[in-house]
Structures are given as C-alpha cells and as structure tokens.
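Please open the model in your viewer, with selection by chain and residue number at hand. The stops below are meant to be taken in order.

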Amino acid sequence: MFFKQVRRNAMRDRKKNSLYFASMTVAIIAFYTLLSLESQDVMQFLHQVESQAVSKLLAVIPVVYLISLLFVFFLVFFAVKFDLMSRRREFGLYLMLGMKRRRLFGMIFLENLMNSTISLIFGITGAVFLTELISLATVKLTGLGIIAHRFTISFSALLFTIFGYLFVSLFSTLVICIRTSRTEPNELLHAEKSRSFSTLTKKSSMFSLVVGIICLLIAYGIGIFLFSEFQPSIFAIFFFGAVGTFLFYRGFGAIIERRILKSGEGGTGLSVFNSRQLQEQVTHRSSSLAVSSLLLLLAVSFLTVGIGNSLGTKKANPRGVDFTLFCTADEFNAVKNDSEIMSKVKLAYPMELSRVRREGSVLAPSIYTALDEGVQNKNARSSLPSFSEVERIISESAFRSLQEGLGKTLPPLGDNKVALYLRHDSVAEIHNVLNKLLKNGTRATIDGKKYEFLPEIYTDNIVADTAISIYFAVIVPDEVYKRLEKGEGPVGYNLQLKDEEVEKEGLPPALFALQRILREKEIRHESYIQGIGRSLFLAVSGAYLSFYLGFLFLIIANTSLAVTFSIMHEEGKGRYKTLLMLGAKRSDIYASAMSQIRHYFLLVLGLTAVSSIFAIITLFFSMVRIPAGASFALVLGLSAGAFLLLILIEVIYIGAVKKAIKKQIAAI
Amino acid sequence: MKNDKVLEVLELSKTFGEGESKTEALRSISFSVAEGEFLGIMGPSGSGKTTLLNCIATMIRPSSGKILLKGRDIQAFSESETAEYRGRDIGFIFQEFELLDNLTGRENIALPLALHGISPQSAEGEIMRLAEVFDIKTELPKFPTEMSGGQKQRVAAARALISNPAIVLADEPTGALDSQNAKTLMKCLSLACNTVMMVTHDANAASYCSRILFIRDGKLFHELRRNPETEAPSDFYARIVVVLSQMGGGATNVL
C-alpha cells in the first residue's frame, strides 16, 4: 500500500512537473558528457601529443563539475521546495489522519528517489548516445582519421553522475523535509490562505530601479572601455552587473504600478488583473528573475567565447613543415644518409633564418611607418613587434624548399626582388595594411640598393611547430642572405614527408611513424602533430567547456523561470475561480494567462538581451579575437546558429509553460 | 400585468451520484423572489440550500426543473451569455470573501465592470457611493491583506453590487465574521441592496430578511414572512428560532 502510493505520487509529480524532469534529464546528460571527457577518443588521442595540457584540462573538470552541481543543487532545491509547498494540504491531511512524520518524510524521500532514478536512466542513456555522436563528429570534423573509434562507457563518469545527482536531489529533499517538520498540521492544511500581497513603497521601488539602471550602465561602461586594458576589472563588472540586475528587478514593480495608476485603474477586461499579476511576480520573485537573467547572460557569454574559440583554432592549423630537427650540421648529414628516415622523406633542408648582422639597420622603413599609421586597433597594435625585433631575413633557397615541400612555388627573386614573410596567425588588420602597401609597390633598401617586394605575402610556418616564432621577415636572395646573416647557422633542419606515405596511411599516422624513428635515434625535434594536437586541444578545451557551461546555464535559467512561473500560477489558481464567478469567460482567462507568460519571459529576456549585447561587444574587444582570414559568413553563420539555438530553447520552454498552464485553467 | 418576479425557480431537482450512492440534494423545489425582496434560505447542514444557490449561480447544473431570471431560462444560456449573467445579472457574495489578494479594494470592486468592457473610471461615482454605504472609503487603495475580515466582506459586497445586478446571491456572508461585523454587514446590505437571496445558518443575520424559506432534505419545509414596517428584526428573530428548533424535530428526534 505504502509503495503503491509512493509510485502513484511519483508518477503524478512527473506528469505535473514534466518540464522540470526533462530539464533534469538534460542536466544529467551534461554531467556525464563533461565527466566522460577523459575517456572520449579525442582526449585519448590528445593525451599522446599534448599530455601536459590535457592533464591541466582534466584537472579543471572536477571544478567545473562541482560548480555546475552547485547550480543544479539550487535549481533542484527550489523545484522540490515548491513542489512540496503545493502539496502542503495533502501533507497536513496525512498528519491529521495519523501518519507519523517519519513515515511521511520517508514517503516524500522515496518519491524523489524514484523520480531521480528515472531521470538518471533516461539521462545516462541519452548521454551515452550523445558522447558517441560527439566522438564520431570529432573524427569527421577534424578529418584526422587517426582516432580509431570504439564504443566506450566511462564508469567513473557514470558513478560520479549518479552519486552527484542523487546527492543533490536527496539532500535538498532532506533539508526541506526538516524545515517542513516544524510546521503544525493546521498550518499545512490552511497553507494557501496565509499568502499575502505586498508591494514595496513607491519611493523605495523607484530608488531601486534608478540605482539598478545606474549600476548596469557602470558595468556596461567598464566592460567596453576598461576591460580590454585592465582585465581585473572583470570583478567590478560582475559586482555592478549583478547588483544592478537585482535592483532593477526589485524596482521594476514601480513601473508596473505607474502603468496601472496612469491608466487610472481604468483598463477594461483583465488588464489591471494582468498587470497586478506581473507586478506580484516581479516583486515577490525579483531575486529569482535576476538570477535567471544573470544565468542567461552567462550562457550567452560562454556561447560567444565558445564560438570565438572554435573559430580561432580552426584557422590556426594549416599544414606546413612536417618535422624540424634541432641538431648540428654533422648530425643532419647523418640523418640525410639514414635510409630508414630518408625512405619516408621527400625533402630535407636547413631552415636559414637570421638576424641582420648590423644592429639597427632598417631594410624596409616604409613597412613600419605604414603599420604605425595604419593599424588602429589596440589589440593589433600591441602585437606589433618593435623595430629591433623585426630585422630578420630568410634565405631564398630555404624558403623555396619549404614552398616546394608544400606543393607551392616562390617566383624567382633574381637580384632585385625580395618577399615579405608574415606569421600565419597574424591579426587581420596588420595583414590588410601590409597587403595594401605591397600592392602600391613599396621597396626595401639593402646596402643602398633598392629591392622590389613581390606582391604576395608569404605566411607558411617556417618550422614544424612553435620552436621559432617570428612575426615578420624579409625573404632575400641567397647572395644577400650570406652577406647579411649573423653566421649562427640554420635555426633547424626541416623534413617533409613523401606524398605517398601520407596518402597511404593518412597524415597523422605517417607523422607518428617518423616521430617514433626520430625518438628512437634520440634526435631532438618537433613535429607538426603537436600543432594539430594543440589546436584540437584548444578547440576541445576552449569550445567544449564554453559550450558545456553555456548550454547548462541556459537550461538551468529557463527551468528556474518556468518553474517559478508555474508555481506562482498554481498558488494563485483560486483567483481564476473567482474571476469565473464574477463573469469572466474562460477564453479571457486563457488569454490573460498567456499574456502573463509572454510579459514574464519578455521581462527577463529583454534585460538579458540588452546586457548580452554589451557582453558580446566586451568579449570581442578583449578575450575573443577573430583570426585573420576567418570568413565573415562563417562568423555570421555561427552566431546566427547560436542565436537560433537560444530562440529555439526559449520557444520550447515558453511553449511547455503555456501548455501546462492551459491544462491547469481547463481543470478549474 | 407587470411581472415583478425577479427570479423564478420551478420544480428544481438535483441528484448527485448514481445507483446506491445516489443523493437527492434538491427535490422539486419551486419558489420565486419578487423585486425588492430580501429572501433568506435556512436549513440544517445537508438540507440542499447551498446546492440551490449554486444552481442559481450557474456553478452547478440542475438535474431537472427551470430557473428563470426576469423570465429568461438561465440553463439555455451560451457560454458568453452565462459569463454576462454571472457578471451583470447577479452579484455573488462568498462566505470566504474571495477577493483577489493582488488587487486593491478599488480594483476588486471595479473588476466585474472591467470584465465586461466598462471602464471603471466611468463608474467612479458608483464606486464612491458604495464605498460610502459600506464605510470602506479608506480601504479602497488597500490590498486585502491590509483589511480586517469585516472590511473584506464589505468590499466583496460592494463588488457584488457594482454592476447593479437584478439579484444579489449571498452564501453565508456572515459565516466568517464576528457578531459586530456581521451586524454592520447586514445593515449595509439591507440598505444598499434591492433584491437579495441569502443562504445562512445565522438566525441573527436572517432576522434582516423580509421572507425566509426553510429547507429540509431538499424540500421546502416552512416559510416565514416579516413586514419590515410593523415587525422589528428582534421579534422576527424569536420566530426564526422557533422554526429552527421545530425543524430540528424539537425534542422528539433526540436519541
């Protein structure tokens, strides 16, 4: 009998709060996906190439998990609290009929356990499918073909997801049960009569509203004008933004009150009633609205960073040199004679890069002047190297070999031409300024002789990975190079794999194979595979975590909004009965509830939208940098995609709330 | 001939449940309420008086019989006619006031008008007149939680009267009030209302009526009339108490 009742109550709860349960299932999927990151194929692969960075990321995951667990805890606590509140009468009745408190709480506890278990079953099944999909998509998107995909279930992730969620769910139930146990049965039975409606005084509402708006403006201002220069100002942004949002909602009731008074309480139909309902929701639940709005804002910010990161990493990864060896000339000669190595290599050449022998000489002053005048963006300017750093030269033959290895050509320089080298991930603005300059036919001066620049800028990485990082260099004829170089020898020796090797096995396995041989022979080197690893790692860590948090916050904020509205509506159900008795049509009441839902969501989404615009501008001025060459259409497409996702989620939630409320009204 | 009957109840029956659990709450009751009458309905618990009131208020549908308001059959009303009827033709006073706790006193009173597309501004004069009669002028800008029980019920009564209904239906209006507040309310009601039909247990409240129908087991049991000009409420009260004690069966029903 007892268990039958528990089962029945649990089922009724799931039906009544279906939106909440769906959201919890999504939260569980998110938990598992995050926790199982370590065992996902892409991470396994990255562990081989970037083990240190991966370890760092994996160390961050528990922290992210705990933070998201904390947020989910508040959501569960909130939802359970209001679910139990709406059943106070029922509990009072049980107690009056002689049920022991311990048994009552046992019943509530079991109901929650049952529902949590069901959420877990659905959530984990969904999560396993999702992680499989992510793994398959990564293989496809990266086009690496290296990740031998296999079906995996991470048991530690499973365990942490189950225990984390059950703990959050049952602990919140326990806390609320303990609090309810202090209430007398009579108070439980007559719970709904004790509600009161009060508004803040007009003065204090207006004060809150004005101070709130000022705080928000300060936060926006700091974000746009100060944050990119002074990063710690983020704390001020958080402080003023949060305080501003809370005060704004606290005081917003004043605007509604003014609207009611302005219409002289003269609105016909249910307009006054609607405004009062909205005012009550805003005044009584201002902090919940503020928290939802802030969470939505965080979600938008994380999604923005996610988009920025995924764009930033994609472009940073063109194939260049396969290996760079750091060895002496003799060792390099030994390599050249090594048939095992050379059977896999089509080109081996020294990378001749040097500073100019004479300190302070300026080969192409027009370049620096143009950059100094043409580059306005603060970030771009800060990445410009100083004069002394930029005086580097690359020999024509070394660069020609590099181009040849990549299947490109460098037009002959002859004795009166040079070419400009610029690192591949430079800022778009610098690239544009230089491009314009070269098109206008600027010249370099070496030992009094003028050299013409080739019209194209060369950006292929001169080493396999990041051992040598230069911003500019001038590619000069070999004869000039010999005259100007400092005599320190090549910076490294580059190897390029044979095309057949790459075609046979795919690029990464071919790289791994040669890397193994070089490691065995203890030749110090770096490999292009590290570059792939790093960019993939950045994409995974940056974008993945950003998207994860963004999505989770989005779900939590919306669930909290939906639950708050449903609860307020459930509490005020008696009013609709009275309205019907006073002659309101059911269709009027339905329209009234729908208008309340629209205004309620609009109120939260409105402020969030305004804050989001400023947040996105702030982020693009500081943390997120769209790399040179990223297509505008792609940026726009991704942003539109994220925007559509947001709209879709809002539509789903608003639709679900409307459906639930429609049902409630039909039952009156 | 002028038809001064505001409400006519003809052969009204209401049965709840089926088979063995069948309960006949009303058994073919007929009566009418004339314009200007203050009709009381009394009877023991379970006698069917609240069912009768709910049938008239269109909160439940009768099993058979007719209810005519000013000659119109209320069961034949469409949904919008029913809403119109509830909001304009009748005024309802509940035992538990049923004020909307998020509207001010003024907004609560104006609600039935607003629901039917009438701007409450145009009825400001009427609102002030009723506030004067019910002594709730200072309560108009307050929310229900800031009012006493008596004040709430007087606001609710003003709300019932704002659309100038043909008849006011009151369901135990003094049920949740102390005797002083009950007395004030009844005085105000008898002053302000034209035609009232009130269900009550309270012999004190009933003594303000001009006629009382006593119901037992779903049937009319007795009727008392008072001539307000010749009989004081206190004398009428004594007669009511006698009928109530008879209705209980006197001493014969005591086990």
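This tour goes from the whole chains to their interface, and then to single helices, residues and salt bridges.

**The two chains**

Before selecting anything, bear in mind that the coordinates are those of a predicted model. Colour chain A first: its 668 residues, of which 52% count as buried, include 26 helices and 10 strands. Of the contacts in chain A between residues at least 6 apart in sequence, 85% join residues at least 24 apart. If you display its surface, the accessible area comes to about 31200 Å², with 63% of that belonging to carbon and sulfur atoms.

Now turn to chain B, which has eight helices and 10 strands and in which buried residues make up 53% of 255. Here residues 24 or more positions apart account for 70% of the contacts with a separation of 6 or more. Chain B exposes about 11300 Å², and carbon and sulfur atoms supply 47% of that area.

**The interface**

Select the residues of each chain that are in contact with the other: you should have 30 from chain B and 28 from chain A. The two chains bury about 2500 Å² between them, 61% of it on carbon and sulfur atoms. How many salt bridges cross the interface of chain B and chain A? The rule finds two, and one of them, to be picked out next, joins Arg276(A) to Glu107(B) with the closest N and O atoms 2.6 Å apart. On the side of chain B that touches chain A, α2 (79-89) and α3 (105-115) each supply at least two residues, and α3(B) gives the most, with six. Colouring that side by residue class divides it into 14 nonpolar, nine polar and seven charged residues. Across the interface there are also four residue pairs in polar contact.

**Arg276(A) and its second partner**

Keep Arg276(A) selected and add Glu257(A), since these two also form a salt bridge, here with the closest N and O atoms 3.3 Å apart. The pair links helix α11 of chain A, which holds Arg276(A), to helix α10 (residues 234-262), which holds Glu257(A), the two residues being 19 apart. Both Arg276(A) and Glu257(A) are buried.

**Just after helix α11**

Move on to Arg285(A), in the loop between α11 (271-284) and α12 (286-315) of chain A. Is this arginine buried or exposed? At 16% relative accessibility, Arg285(A) counts as buried. Leaving aside neighbours within four places in sequence, its contacts are Phe82(A), Glu280(A), Thr564(A), Ile567(A), Met568(A) and Glu571(A). A distance drawn between the C-alpha atoms of Arg285(A) and Tyr249(A), which are 36 residues apart along the chain, should read 8.7 Å.

**Further along chain A**

Select Ser401(A) in helix α18 (residues 396-405); this serine is buried, with a relative accessible area of 16%. Apart from residues up to four places away in sequence, Ser401(A) touches Leu347(A) and Tyr349(A).

Next show Lys521(A) with Glu340(A), a salt bridge whose closest N and O atoms are 3.3 Å apart. Lys521(A) lies in the loop between α22 (507-520) and β10 (525-527), and Glu340(A) in helix α14 (residues 339-342), so the pair ties together parts that are 181 residues apart in sequence. Lys521(A) is partly exposed at 35% relative accessibility, and Glu340(A) is partly exposed at 38%.

**Inside chain B**

Return to chain B and select helix α1 (residues 49-56): seven of its eight residues are buried, so this helix is largely enclosed by the rest of the structure. Among the buried ones are Lys49(B), Leu52(B), Leu53(B) and Ile56(B). Just after α1(B), Thr58(B) takes a positive phi of about 60°.

Two further backbone positions deserve a click. Glu11(B), in strand β1 (residues 5-16), has a positive phi near 50°. Glu98(B), in the loop between β6 (90-93) and α3, has a positive phi of about 50° although it is not a glycine, and at 27% relative accessibility it counts as partly exposed.

For the last stop, show Arg106(B) and Glu124(B), whose side chains meet in a salt bridge at 2.7 Å, N to O. Arg106(B) belongs to helix α3 and Glu124(B) to helix α4 (residues 124-133), 18 residues apart.

Note on methods. Residues numbered from 1 in each chain as written. Chains lettered and ligands numbered in written order. Predicted model: local features only at pLDDT ≥ 70, side-chain atom pairs only at ≥ 80, totals over all residues. Heavy atoms only, no water. Helix = DSSP H or I, 4+ residues; strand = E, 2+ residues; numbered from the N terminus. Buried < 20%, exposed > 50% of the residue type's maximum accessible area, 1.4 Å probe, protein only. Contact = heavy atoms within 4.5 Å. Areas by Shrake-Rupley, 256 points an atom, 1.4 Å probe, with all protein chains shown as cover. Buried area = accessible area lost by both parts, 1.4 Å probe. Salt bridge = Lys/Arg side-chain N within 4 Å of Asp/Glu carboxyl O. Polar contact = N/O pair within 3.5 Å; in protein donor to acceptor, adjacent residues only side chain to side chain. Nonpolar A, V, L, I, M, F, W, Y, C, P; charged D, E, K, R; others polar.
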